[in-house]
Structures are given as C-alpha cells and as structure tokens.
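Student: Could we go through the pockets and the ligand of this model together, one question at a time?
Tutor: Gladly; please have the sequence and the coordinates open beside you.

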Amino acid sequence: MQRICLFPGSFDPITLGHADIVRRGVQLFDKLIIGVGTNSSKQPMYAPELRISWIKDIFSDDPRIEVQSYAGLTIDYCKQMGAQYILRGIRSVGDFEYERAIADMNRALAPDIETIFLTSSPIYSTVSSTLVRDIVKHGGDVAQFLPGAVKWKQ
Ligand code: ADP
C-alpha cells in the first residue's frame, strides 16, 4: 500500500522552514500532499490560489509532492485523499504543546491516522509566516526567509 501523507497548514506564505520540512518529510512517504487550509479563522494575507501557485513552483521538480487546497476537518480530508499520515513541523516547546493537542484530538477522531512530527532545522527554527507577514506589512525585505519561487505582490 502506498504511504500517503498530508502536510496541512496555512502556508501564508510558505517559508524556507516549511520547504525544509517538505523536502525532509517526503523521503519518508510515497506521496506527500501539501494541503493549503482555506477555512482557518485567521484572515489570510495571500489568496489561496497564490499560495498554491508558489508551492507548485517550488516543488515542480518532485513528482511525489502535490499541492491542494482543502476546507473542513483535516482528518476528513486525509480520508478523502487516502492519507494515513499527517506531517507537522515543530520549532519550539510552544509549537510542541500546540501540535500535540491537535495530534491528540485528531487521533481521538481518527485512530488510524498517525501524526508524524519533524523538528525544524536549527537555521529555520525562528522563521514563521506570521513574522514574515508582519515584516511585509511594514515594508521590510523578507527574501532571506522565503523560497526563491515566492514572488511578492507589491
Ligand atoms: P497552521 O496555520 O496550521 O499552523 P502554518 O502554515 O503556520 O499552518 O504551519 C504549518 C506547519 O508547519 C505547522 O506544523 C508549523 O509548526 C510548521 N512550521 C511553520 N514554520 C516552520 C519552520 N520554520 N520550521 C519547521 N516547521 C514549521
């Protein structure tokens, strides 16, 4: 059976930290689906279509990596896509507590779906989409935190 994994997130925008988790994570599975969540309570800075087109560009060299948008419960989307695994990244103890709570809830709802955590590479452990958005809002240069394919709407 194919090992299919979903990497869900907002990716608003995708950063070098996310890309590092994707490149390392895909080695563990036959297929990795990057799921761009569209029903978050957060108001996004970038439209889902734009976030998805950046991600497609970045990973166009690897046929094992797909990108899709989704709404609704992550576990329902996993079932729809045949994914037995959820991938998440952990930068800090703060992330750990938050991620563990989500993973526990998801396991309670869908015991057959396992959440796999990868810790951030140290150089990316302080990179976050939230901080990138704050810098963009104030006119700063965020290029060093982002994959080259991410082009900014000025
Ligand atoms: P969400 O809104 O679901 O938290 P994000 O796009 O912010 O979506 O994050 C998606 C996943 O990527 C989360 O598991 C988050 O912890 C992880 N992540 C975000 N930034 C990094 C980074 N710099 N290094 C490793 N993992 C990261």
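**Pockets and ligand**

Tutor: In this predicted model, the largest pocket has a lining of 41 residues, and those nearest its centre are Pro8, Gly9, Ser10, Arg88 and Tyr98. Two or more lining residues are given by each of β1, α1, α3 (74–81), β4, α4 and α5 (129–137).

Student: Which element gives the largest share of the lining of the largest pocket?
Tutor: The space enclosed there comes to about 1,000 Å³, and the lining divides by class into 16 nonpolar, 18 polar and seven charged residues. With eight residues, the largest share of that lining comes from α4.

Student: In which pocket does the ligand sit?
Tutor: Four elements, β1 (4–9), α1 (16–25), β4 (85–90) and α4 (93–109), each supply at least two residues of the shell around the ligand. Those elements are also listed among the contributors to the lining of the largest pocket. The placement itself was computed from the atoms of the ligand, and the ligand sits in the largest pocket.

Student: Which residues come nearest to the ligand?
Tutor: The shell around the ligand is made up of six nonpolar, six polar and five charged residues. Of the 17 residues in this surrounding set, the ones that come nearest are Ser10, Lys42, Gly89, Tyr124 and Val127.

Student: How many Å separate an oxygen atom of the ligand from an N or O atom in the side chain of Ser10?
Tutor: For Arg88, a side-chain N or O atom is 3.1 Å from an oxygen atom of the ligand, whereas for Gly89 a backbone N or O atom lies 2.7 Å from a ligand oxygen. In the case of Ser10, the atom belongs to the side chain, and its distance from an oxygen atom of the ligand is 2.6 Å.

Student: What percentage of the area that the ligand exposes when taken alone does the protein bury?
Tutor: The reference value is the area of the ligand taken alone, which is 560 Å². Of that area, the part buried by the protein is 90%.

Student: What volume does the second largest pocket have?
Tutor: Its lining consists of 14 residues, with Asp12, Lys42, Gln43, Pro44 and Met45 nearest the centre, and the elements giving two or more residues to that lining are α2 (48–58) and α5. By class, the lining of the second largest pocket holds three nonpolar, six polar and five charged residues. The volume of the second largest pocket is about 180 Å³.

How values were computed
Residues are numbered from 1 along each chain as its sequence is written. This is a predicted model: local features need pLDDT of at least 70, side-chain atom pairs count only at pLDDT 80 or more; totals for chains, interfaces and linings use all residues. Side-chain values use heavy atoms; hydrogens and water are left out. A residue is near a molecule or strand if one of its heavy atoms lies within 4 Å of it. A polar contact is a pair of N or O atoms within 3.5 Å; within protein, one must be able to donate a hydrogen and the other to accept it, and residues adjacent in sequence count only if both atoms are side-chain atoms. Accessible areas come from the Shrake-Rupley method with a 1.4 Å probe; for residues, only the protein chains shown count as cover. On a 1 Å grid over the protein atoms alone, a cavity is a set of points where a 1.4 Å probe fits but cannot get out, and a pocket is an open set with protein on both sides within 12 Å along at least five of seven lines; lining residues have an atom within 4 Å of a point. A molecule sits in a cavity or pocket if more than half of its atoms lie within 2 Å of its grid points. Ala, Val, Leu, Ile, Met, Phe, Trp, Tyr, Cys and Pro count as nonpolar, Asp, Glu, Lys and Arg as charged, and the others, Gly among them, as polar. Grid points are joined across faces, edges and corners, and a volume is the space filled by probe spheres set on the points.
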